[in-house]
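Dear colleague,

I am passing on the structure we spoke about, and below it you will find my notes on what turned up in it. Please read them with the model open beside you.

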Amino acid sequence: MSRQRLLVANWKMNKTVAQARSFAEELGRQTSALPTGVELAVCPPFTALQTLRVILPSRVKLGAQNVHDEPNGAFTGEISAEMLAELGTEYVIVGHSERRQGFGEADDWVARKVRAVLAHGMKPIVCVGEDLEQRNNQATLSVVQSQTSAALAGLEETQLANCAVAYEPIWAIGSGQTPSPQDAQTVITAIRETVATLSGKAAQGMPILYGGSVKPDNIAGFVAQPDIDGALVGGASLKVDSFVALAKAMGE
Ligand code: PEP
């Protein structure tokens, strides 16, 4: 089964509305350089979703970086899945390590967020990954397998068909360090095997991405691996030229 190839930009807490607009306008001028066959998505801060919805080239999908699992209520500062869906959001990053570590997102909360995203017709991108200590203790596979099953267990096959996973070793995020593509392949194979315990069909079709210091000059090595279907990219997605270079390298 051929799987969707996917490049996702995670802008984190970067770009004002004006800056997001100028990114989208410049990207619009470069759309002919974007490869077909690669799904592209940009996840800006919430404040820029509406602007990007209007001016992002239609080739590029809109994503969000977080969501609350509850439909509404007394959750000051939070955003619901319905609010994101109303803005044309198609992808939602769930359980990014910066949220797990900095905002107390435990596995059970991540699982509830996944369900809220799916219930509103959007696609969750579930982030999993080990920290340096876990890596040094040879716990990488057990960590990612347990995070993956905590997020996805109990979903119907049709729901799993709308999920993606991003393997993001915490020590690689924003550090300039990466695992070798072969090491990332080994971990992603283990993630796919975990999904296969839930549904063999979903495991074959699910996009599983690598994330952590991906750049235009190293992305090709990752996406050449048989189980790595794309990348979740922070820093290198902030400039249009770099985003386009990432997309082109994935399309080759
Ligand atoms: C991320 O935060 O999801 C990420 C992968 O960041 P960076 O590409 O900057 O390492």
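By the rule applied here, the count comes to one cavity of 30 Å³ or more, and please keep in mind throughout that this is a predicted model. The largest cavity has a volume of about 30 Å³, and its lining is made up of Gly95, Ser97, Arg100, Cys127, Val128, Gly129, Gln147 and Glu168. Helix 4 (97-102) and strand 5 (123-128) each supply at least two residues of that lining. Sorted by class, the lining of the largest cavity holds two nonpolar, four polar and two charged residues.

Glu168 leads on to the ligand, since the name appears in the cavity lining and again among the closest of the 14 residues that surround the ligand. The others named as closest are Lys12, Gly174, Ser213 and Gly234. By class, the shell around the ligand has four nonpolar, eight polar and two charged residues.

Which atoms of the protein lie 2.8 Å from an oxygen atom of the ligand? One is an N or O atom in the side chain of Glu168, and another is a polar backbone atom of Ser213. For Asn10, a polar side-chain atom lies 3.5 Å from an oxygen atom of the ligand. Taken alone, the ligand exposes 300 Å², and the protein buries 97% of that area.

The largest pocket is a separate entry in my notes, and about 350 Å³ of space lies in it. It is lined by 14 residues, of which Lys12, Met13, Gln65, Asn66 and Arg99 are the closest to its centre. The lining of the largest pocket comprises six nonpolar, five polar and three charged residues.

Lys12 is thus named both among the residues closest to the ligand and among those closest to the centre of the largest pocket. This residue is found in the loop between strand 1 (5-10) and helix 1 (17-29), and its phi is near 55 degrees, a positive value in a residue other than glycine. Is Lys12 buried, exposed or partly exposed? Its relative accessibility is 22%, so Lys12 counts as partly exposed.

Gln138 also has a phi near 55 degrees, again a positive value in a residue other than glycine. Gln138 lies in the loop between helix 6 (132-136) and helix 7 (140-152), and because its relative accessible area is 71%, which is over the 50% cut-off, it is classed as exposed.

Two further residues fall on the buried side of the scale. Arg192, which is found in helix 9 (residues 181-198), has a relative accessibility of 9% and therefore counts as buried, the cut-off being under 20%. What does the side chain of Arg192 contact? It makes a polar contact with the side chain of Asp227 at 2.6 Å, and a polar atom of the Arg192 side chain also lies 2.8 Å from the backbone oxygen of Ala203.

The other is Val233, which lies in strand 8 (residues 230-233) and, at 2% relative accessibility, counts as buried. Val233 and Ile219 are 14 residues apart in sequence, and their C-alpha atoms are 9.8 Å apart in space.

With best wishes

How values were computed. Residues numbered from 1 in each chain as written. Predicted model: local features only at pLDDT ≥ 70, side-chain atom pairs only at ≥ 80, totals over all residues. Heavy atoms only, no water. Near = heavy atom within 4 Å. Polar contact = N/O pair within 3.5 Å; in protein donor to acceptor, adjacent residues only side chain to side chain. Areas by Shrake-Rupley, 256 points an atom, 1.4 Å probe, with all protein chains shown as cover. Nonpolar A, V, L, I, M, F, W, Y, C, P; charged D, E, K, R; others polar. 1 Å grid on protein atoms, 1.4 Å probe; cavity = no way out; pocket = protein on both sides within 12 Å on 5 of 7 lines; lining within 4 Å. Points joined across faces, edges and corners; volume = space filled by probe spheres on them. Helix = DSSP H or I, 4+ residues; strand = E, 2+ residues; numbered from the N terminus. Buried < 20%, exposed > 50% of the residue type's maximum accessible area, 1.4 Å probe, protein only.
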